[in-house]
Amino acid sequence: MTGGVPGSRFAGWLQASMHSHGLTQAQLARSVGVADTQVSRWRRGHVVPTVQYLQRLADTFGVERMTLDQLVGLPVGQLREGSGEPELEAELQAHQARLRQVLQTRLPRSMWRAYVEACVALADGLGASANRALRESLEDLGNARTEQDKDDDPPPDRPLGFRH
């Protein structure tokens, strides 16, 4: 996500949420009741939605309105305990809503536990792969630096005409 400017923070969250829900700009515009160009302005961080449209977006993505309020820089009276960055919280809520929808519409309830366990196993595998790739990249970078350092070392001081 992007930094501290509310419009850019919201824009980053909106882009990620649209992607995770498989929504196009036109589909979101129809769902919320605005023109495509308005969604485009939100996505680029030029403007933030009004309170009315924040509620519609919260409903569309299944997130708490208070989280979106904080994300766009509106004053929020009371945050839930343990909530961290608002864009992270909003993104997590959007993914939770998406998972809930998948569970309820695509799988019989008797398979929900197996699906969640499969997701956990996949997350473990992806996390391990990402950690291994990062570790290997850092090792490669360290080895490249070591080779570069060797090349940068001046030759040892030797008196002229003498070899060691």
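How many helices and how many strands does the chain have? Good morning. The structure before us is a predicted model, and its chain has seven helices and zero strands. Read from one end of the sequence to the other, the pattern is α-α-α-α-α-α-α.

Let me begin with the chain as a whole. It contains 164 residues, of which 24% are buried. The exposed surface comes to about 11,300 Å², and carbon and sulfur atoms supply 54% of that area. Consider next the contacts between residues at least 6 apart in sequence: 48% of these join residues at least 24 apart.

I turn now to the way particular helices pack. Two packed helices are described by the angle between their axes and the distance between the axes. I shall use both values for two pairs, and helix 4 belongs to each of them.

The first pair I shall discuss is helix 2, residues 25-32, with helix 4, residues 51-61. Their axes lie 9 Å apart, at an angle of about 115°. The crossing of helix 2 past helix 4 is right-handed. Which residues make the contact? Helix 2 contributes Leu28, Ser31 and Val32, while helix 4 contributes Tyr53, Arg56, Leu57, Thr60 and Phe61. By character, five of these contact residues are nonpolar, two are polar and one is charged.

The next pair is helix 4 with helix 5, the latter covering residues 65-72. Here the angle is about 130°, and the axes are 9 Å apart. Why is helix 4 called oblique to helix 5? An angle of about 130° falls outside the range of 65 to 115 degrees for roughly perpendicular and is not over 145, the limit for roughly antiparallel, so the term is oblique. This crossing, of helix 4 past helix 5, is right-handed.

On the helix 4 side of this contact we find Val51, Leu54, Gln55, Leu57 and Ala58; on the helix 5 side, Arg65, Leu68, Asp69 and Val72. These residues divide into six nonpolar, one polar and two charged. Please note Leu57, which takes part in the contact with helix 2 and also in the contact with helix 5.

Let us stay with helix 5 for a moment. Which of its residues are buried? They are Thr67, Leu68, Asp69, Leu71 and Val72. Of these, Leu68, Asp69 and Val72 also appear in the contact with helix 4. Just after helix 5 comes Gly73, which takes a positive phi of about 95°.

Thank you for your attention.

Methods
Residues are numbered from 1 along each chain as its sequence is written. This is a predicted model: local features need pLDDT of at least 70, side-chain atom pairs count only at pLDDT 80 or more; totals for chains, interfaces and linings use all residues. Side-chain values use heavy atoms; hydrogens and water are left out. Helices (H or I, at least four residues) and strands (E, at least two) are DSSP runs, numbered from the N terminus. Buried means under 20% relative accessible area, exposed over 50%, partly exposed in between (1.4 Å probe, protein chains only). Contact means heavy atoms within 4.5 Å. Accessible areas come from the Shrake-Rupley method with a 1.4 Å probe; for residues, only the protein chains shown count as cover. Axes are lines fitted to C-alpha atoms, for helices over the stretch in contact, and angles run from 0 to 180 degrees between N-to-C directions. A crossing is left-handed if the near helix is turned anticlockwise from the far one by less than a right angle, and right-handed if clockwise. Ala, Val, Leu, Ile, Met, Phe, Trp, Tyr, Cys and Pro count as nonpolar, Asp, Glu, Lys and Arg as charged, and the others, Gly among them, as polar.
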